Amino acid sequence: LVMEYVPGDNLEKIVSTEGPLSSETVIKIAIQCCDVLEYLHGQQPPIIYRDLKPSNLILRPDGLVVFVDFGIARDFEPKGPSTRVV
């Protein structure tokens, strides 16, 4: 198993060492997370990440967010009637 090295720290570590992030930074991170989730959910079949938390988000030095730990991510396969929010 080979994985790409991602420079930076996870958000949990950043907040615990540096304190709360600015509103501007939080908004930038949230928009990037929404973009990533939109991409994953747009795949065929859609990919459900299922482990979104600060320790699984790496903030690179250039300000980009990288999702890590796709260990419990799954393809979305409805097994009957379900509700989907688009």
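Helices and strands are here runs assigned by DSSP, at least four residues long for a helix and at least two for a strand, and they are numbered from the N terminus. With that convention, the protein chain of this predicted model holds 2 helices and 5 strands.

**The whole chain**

Begin with the entire protein chain displayed as a cartoon. Followed from the N terminus, its elements come in the order β-α-α-β-β-β-β. Switch next to a surface view: the chain exposes about 6700 Å², and carbon and sulfur atoms supply 58% of that area. Of the 86 residues in the chain, 21% count as buried. Contacts across the sequence also deserve attention: among those between residues at least 6 apart, 57% join residues at least 24 apart.

**The sheet**

Select strands S1, S3 and S4. They form an open sheet of 3 strands in the order S1-S3-S4, and the pairing is antiparallel. Strand S1 (9–10) and S4 are the edge strands, each pairing on one side only. Now restrict the selection to S3 and S4, which run antiparallel and are joined by 3 bridges. Within this pair, choose Leu59 and look across to S4, where its bridge partner is Val65. Add helix H2 to the display: H2 packs on the sheet, where it touches S3 and S4, and its direction makes about 40 degrees with that of S4.

**The nonpolar core**

Which residues make up the largest nonpolar core? Select Leu11, Ile14, Ile29, Cys33, Leu40, Tyr49, Leu57, Leu59, Val65 and Phe67; these 10 residues make up that core. At least two of its residues are supplied by each of helix H1 (11–18), helix H2 (23–41), strand S3 (57–59) and strand S4 (65–67). The largest share, 3 residues, comes from H2.

Keep Leu59 selected and show its surroundings. Leaving aside residues up to four places away in sequence, Leu59 touches Pro7, Gly8, Asp9, Leu11, Ile14, Ile29, Leu64 and Val65. Leu11, Ile14, Ile29 and Val65 are core members as well.

**Helix H2: Gln32 and the cysteines**

Move to Gln32, which lies in helix H2. Is Gln32 buried or exposed? Its relative accessible area is 18%, and because buried means under 20%, Gln32 counts as buried. Apart from residues up to four places away in sequence, Gln32 touches Gly63, Leu64 and Val65.

Continue to Cys33, a member of the largest nonpolar core. Cys33 is buried, its relative accessible area being 8%. Then show the sulfur atoms of Cys33 and Cys34. Cys33 is in no disulfide, and the nearest cysteine sulfur, that of Cys34, is 7.0 Å away. Cys34 is likewise in no disulfide, with the sulfur of Cys33 as the nearest cysteine sulfur. Because a disulfide requires cysteine sulfur atoms within 2.5 Å, this pair does not qualify at 7.0 Å. The count for the model comes to 0 disulfides.

**The segment before S1**

The last stop is Val6, found in the segment before S1. How is Val6 classed by accessibility? At 22% relative accessibility, Val6 counts as partly exposed, because the buried class is limited to values under 20% and the exposed class to values over 50%. Select Val6 together with Leu59: these two residues are 53 apart along the chain, and their C-alpha atoms are separated by 8.9 Å. Finally, display the contacts of Val6, which touches Ile58, Arg60 and Val66, not counting residues up to four places away in sequence.

Definitions and conventions: Residues are numbered from 1 along each chain as its sequence is written. This is a predicted model: local features need pLDDT of at least 70, side-chain atom pairs count only at pLDDT 80 or more; totals for chains, interfaces and linings use all residues. Side-chain values use heavy atoms; hydrogens and water are left out. A nonpolar core is a set of buried Ala, Val, Leu, Ile, Met, Phe, Trp, Tyr and Cys residues joined through side-chain atoms within 4.5 Å. Buried means under 20% relative accessible area, exposed over 50%, partly exposed in between (1.4 Å probe, protein chains only). Contact means heavy atoms within 4.5 Å. Two strands pair if DSSP finds at least two bridges between them. Axes are lines fitted to C-alpha atoms, for helices over the stretch in contact, and angles run from 0 to 180 degrees between N-to-C directions. Accessible areas come from the Shrake-Rupley method with a 1.4 Å probe; for residues, only the protein chains shown count as cover.
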